[in-house]
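Got your viewer open? Here is a short walk through the model, one selection at a time.

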Amino acid sequence: MASFFSRISTFRIFLLCSLCFSDFGFLQGVSSLGINYGQLGNNLLPPEKVLDLLSSLRITKARIYDTNPQVLTAFANSGVELMVTIENAMLGQLSNPQAAFQWVTSHIKPYVPATKITSIAVGNEVFTDDDTTVLLSNLVPAMVSIQGALAQLGLDQYIKLSTPCSLAVLQESYPPSAGSFKTEVSGVMSQLLQFLQTTKAPFWINAYPYFAYKGDPSRVSLDYVLFNPNQGMVDPFTKLHYDNMLYAQVDAAIYAMARLGFNGIEVKVSETGWPSNGDENEIGATLQNAAIYNRNLLRRQLQNEGTPLRPKLRLEVYVFALFNENMKPGPSSERNYGLFHPDGTMAYNVGLSSLSTTNSARTPSTTTSSVSDFTSSATKAATMEYNQSWVYWMLACVLSFQVYMRRPF
């Protein structure tokens with residue numbers, strides 16, 4: 001009898017451990033999803049309303065393209081993790097340590113820790129900017145100076161520095177294992193990667209499968225770039241299977257870093273998205289494709305997926321963008337990447353409520369949806385994952401108990 005009660009106690013301990021280390025009792029959020037909050041519009045919601053929007057969507061990471069004090073103040077005590085950006089034109093000035101210290105003192109220190117600034121993007125797509133030569137010579141010195149200023153102020157343990165790079169820095173990206181950087185940027189790139197490795201900061205990339213499809217729609221599979229069901233491709237050297245282009249692009253960047261001797265640096269996607277409208281020559285820029293791309297991307301994020309090369313490391317992604325911005329220059333597509341209209345209504349229905357019940361290629365609704373629709377849909381998806389997790393763990397516990405009790409005393 002004592003042995004029997006000992007077995008019951010053991011089972012209780014097993015059950016407790018199972019619950020503690022499972023997802024039971026905790027709704028899994030999309031912890032790796034962020035969104036780009038651009039402000040090149042004259043009709044956008046004020047920052048306080050934007051924060052309400054993000055809160056309703058349960059998005060806890062956002063990137064802004066400056067250090068707008070109105071945004072930094074509005075986001076205080078919200079818990080939203082912010083990536084702020086230093087404009088490219090500032091890099092030359094901030095390569096001076098004293099100027100960098102003054103910049104951090106006036107643009108960062110007054111807002112933390114109330115505002116949760118976790119990253120500083122030092123420039124944006126510096127390697128492919130029109131003024132590349134001057135910018136590249138100042139990039140790493142500016143990062144070193146800013147890092148030193150953060151250290152002096154005791155902020156270096158909380159704020160990471162990196163610089164988002166366009167995939168145009170790659171000489172080769174197909175297959176992913178052939179990934180390599182262009183020769184003309186490899187020198188400064190090595191310096192950047194050394195900085196990132198030393199400071200344990202990620203390598204940020206702006207990755208847009210849309211551009212690959214737009215550039216060669218007859219050869220690039222639309223389903224492959226939209227995350228739809230497709231045959232995919234197998235890397236002939238690694239034998240890894242890729243069912244979407246975004247993951248292939250990320251792994252190509254990882255291989256490119258390895259070719260320069262840098263392994264173990266995390267790659268994060270600072271921008272990815274799909275335009276819902278464009279000019280006549282912008283093939284694929286449609287509302288339907290935008291909705292499918294972002295819906296399928298969000299589904300992957302709900303699953304906290306990694307890439308085929310790093311399957312156990314969830315891929316952090318920032319969707320571009322929160323709003324359609326009517327003052328952005330360039331082709332029409334540039335003003336139509338937003339999930340939302342400037343007034344906070346949806347540009348299209350991402351359809352989270354149908355993630356588990358419909359085919360990803362279903363034609364999306366083109367009607368405007370409210371924020372509450374989006375939120376309730378996300379909650380349904382999370383609740384379904386929670387219920388499934390609960391059932392699986394209870395079943396495992398019951399079966400384990402039955403097997404254990406059938407053993408002779």
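Start by selecting asparagine 304: this residue follows α11 and has a positive phi, near 50°. Now step back into the helix itself, residues 287-302. (Helices here are DSSP runs of H or I with at least four residues, strands are runs of E with at least two, and both are numbered from the N terminus.) At 1.5 Å a residue, the 16 residues of α11 should span 22 Å, and the end C-alpha atoms are indeed 22 Å apart, which agrees. That expected span is 1.5 Å times one less than the number of residues. Of those 16 residues, 14 are buried, so α11 is largely enclosed by the rest of the structure. Buried means under 20% relative accessible area, exposed means over 50%, and partly exposed is in between, with a 1.4 Å probe and protein chains only.

A quick word on what you're looking at: this is a predicted model, where local features need pLDDT of at least 70 and side-chain atom pairs count only at pLDDT 80 or more, while totals for chains, interfaces and linings use all residues. Residues are numbered from 1 along each chain as its sequence is written, and side-chain values use heavy atoms, with hydrogens and water left out.

Next, colour by pLDDT, the predictor's confidence in each residue, from 0 to 100. The protein averages 85, and 78% of the residues score at least 70. Two stretches stay under 50: residues 1-29 and residues 352-393.

Now select α6, residues 132-152. Its 21 residues should span 30 Å at 1.5 Å a residue, and its end C-alpha atoms are 30 Å apart, which agrees. Where is the kink in α6? Look at leucine 139, shortly before proline 141, for a kink of about 35°. (The bend at a residue is the angle between axes fitted to the seven residues ending there and the seven starting there.) Leu139 is buried, and so are others in α6, including Leu135, Val140 and Met143. Show what surrounds them: the buried residues of α6 pack against β3, α4, α5, β4, β5 and α7. Just after α6 comes glycine 154, with a positive phi near 75°.

From there, hop to β3 (81-86), where five of the six residues are buried. β3 pairs in the parallel sense with β2 over three bridges and with β4 over five. Two strands count as paired if DSSP finds at least two bridges between them. To see the bridges, pick leucine 82 with its partner alanine 62, then methionine 83 with serine 119 in β4.

Zoom out to the whole open sheet: nine strands in the order β5-β4-β3-β2-β1-β13-β12-β9-β6, with parallel pairing. β5 and β6 stand at the edges with a single partner strand each, so one side of each is left without a neighbour in the sheet.

Two loop stops remain. Asparagine 336 is in the loop between β13 and α12. Is this residue buried or exposed? At 17% relative accessibility, asparagine 336 counts as buried. Its side chain reaches the backbone oxygen of serine 332 at 2.8 Å. Trp274 and Asn324 are among its contacts beyond four places in sequence, a contact being heavy atoms within 4.5 Å.

Finally, select serine 221, in the loop between α8 and α9. At 35% relative accessibility, serine 221 counts as partly exposed. Its side chain reaches the backbone nitrogen of tyrosine 224 at 3.2 Å.

Terms used
Polar contact = N/O pair within 3.5 Å; in protein donor to acceptor, adjacent residues only side chain to side chain.
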